[in-house]
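Subject: Structure handover

Hello,

Here is the structure for your files. My notes on cavities, aromatic pairs and the annotated domain follow below.

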Amino acid sequence: MIVSGSRSQTLAAALARELEQPLAAVEYDRFPDGELLASVPDFSAADTDRAVIVASTVSSDAHLEVLQLQDAVREAGVEEVVTVLPYMGYGRQDEAFEAGQPISSRAVARAISTGADRVLTVDPHEEGVCDFFDPTAEAVDAAGRLADPLPADLTDPVFLSPDAGAIELAETVRDAYGEREGEDEGEVDYFEKTRLSGEEVEISPSDTAVEGRDVVVTDDIIATGSTMSEAVAILHERGVDRVFVTCVHPLLTSNAYTKLSRAGVEAIYGTDTIEGPASVVSVAPTLAAALETNY
Ligand code: R5P
């Protein structure tokens, strides 16, 4: 039985179809004082011994919803609770960067672990966060799917990441694109990024010549869009032809979509780990394959 968090309803339904499993009825209510009440009113453990909760923790409320859904299915008598976090919120605070700060990823992982027998997450910002779960969470790599919407006619493509940390994602997209098109592999490179504040970044160009070429820039997350729009601006200064922006988790907070569109991108492609205007690729097949492993 697939049980959806309120912010992952499209993906949960796609996953239920992919696995040919029923989708549980879920209600998301709120008490007058603002407290949440996520419930599974008709859930019967007689129909299933395993519940798969699918919930991206894109907000503090979404975190609480996961805990409530885990508890609700356990209360109904289900034996095994699998928790899928397509996007793991607070994943970027994976260490105390300054004295007095929490390791937020560890705090939320510990809480979620108390209600889960197995946890899966898609392309976490740092794979080390998986160790904060007990048992260790499984990281599922869905970056290859970002090649799916790319057009077949890319001109002498370059696959870039906006910082060194995301170069493996760019390589994965390049490999998946090459496999699909049966062509020579494109070039892969990365920018150097310095974060000045939550909304400001400085990007130093890569050495790769981009004039007249199509460029695909891939990152794990697009949040404010600052990183990507800086990268896109540099590419245009250098005479790039088309720029395709791709990411696994299209958080796209505030005006990020507009910011990127104004920066001159051909398209913005993301997955449905976060549901929104750029969620054109589904990770459901990748998650279904991972869920079926070990069973
Ligand atoms: C950080 O290292 C991540 O990989 C992304 O580059 C970052 O989260 C993007 O944030 P923003 O869109 O706000 O620049």
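How many nonpolar, polar and charged residues are there in the lining of the second largest cavity? By class, that lining has 4 charged, 3 nonpolar and 2 polar residues. Please keep in mind that this is a predicted model.

Cavities

The count comes to 2 cavities of 30 Å³ or more. The second largest has a volume of about 40 Å³. Its lining consists of Pro157, Phe159, Arg174, Tyr177, Gly178, Glu183, Asp184, Glu185 and Gly186. Helix 4, residues 167–181, gives the most to this lining, with 3 residues.

The largest cavity has a volume of about 60 Å³. The residues that line the largest cavity are Tyr87, Met88, Gly91, Arg92, Asp123, Pro124, His125, Val129, Ile221 and His249. Sorted by class, they are 5 nonpolar, 3 polar and 2 charged residues.

Aromatic pairs

There are 2 aromatic pairs by the rule applied. In one of them, the ring centres of Phe159 and Tyr177 are 5.9 Å apart and the planes stand at 50°, so this pair is tilted. Phe159 belongs to strand 8 (residues 158–161) and Tyr177 to helix 4, so the pair ties together parts that are 18 residues apart in sequence. Both Phe159 and Tyr177 are buried. Phe159 and Tyr177 also appear in the lining of the second largest cavity.

Phe244 and Tyr269 form an aromatic pair as well, and this one is stacked, with 6.4 Å from centre to centre and 15° between the planes. It links distant parts of the chain: Phe244 sits in strand 13 (residues 243–250) and Tyr269 in strand 14 (residues 267–271), 25 residues apart. Phe244 is buried, as is Tyr269.

Annotated domain

An unreviewed UniProt entry carries the annotation "domain: Phosphoribosyltransferase" for residues 154–263. In the model, this span is 32% helix and 29% strand. The C-alpha atoms at the two ends of residues 154–263 lie 20 Å apart.

To look at these places yourself, you could start with the lining of the second largest cavity, including Arg174, Glu183, Asp184 and Glu185, and then turn to the stacked pair of Phe244 and Tyr269.

Regards

How values were computed: Residues numbered from 1 in each chain as written. Predicted model: local features only at pLDDT ≥ 70, side-chain atom pairs only at ≥ 80, totals over all residues. Heavy atoms only, no water. UniProt positions renumbered as here; feature names shortened; annotations may be inferred. Helix = DSSP H or I, 4+ residues; strand = E, 2+ residues; numbered from the N terminus. 1 Å grid on protein atoms, 1.4 Å probe; cavity = no way out; pocket = protein on both sides within 12 Å on 5 of 7 lines; lining within 4 Å. Points joined across faces, edges and corners; volume = space filled by probe spheres on them. Nonpolar A, V, L, I, M, F, W, Y, C, P; charged D, E, K, R; others polar. Phe/Tyr/Trp six-rings, centres within 6.5 Å; stacked < 30°, edge-to-face > 60°. Buried < 20%, exposed > 50% of the residue type's maximum accessible area, 1.4 Å probe, protein only.
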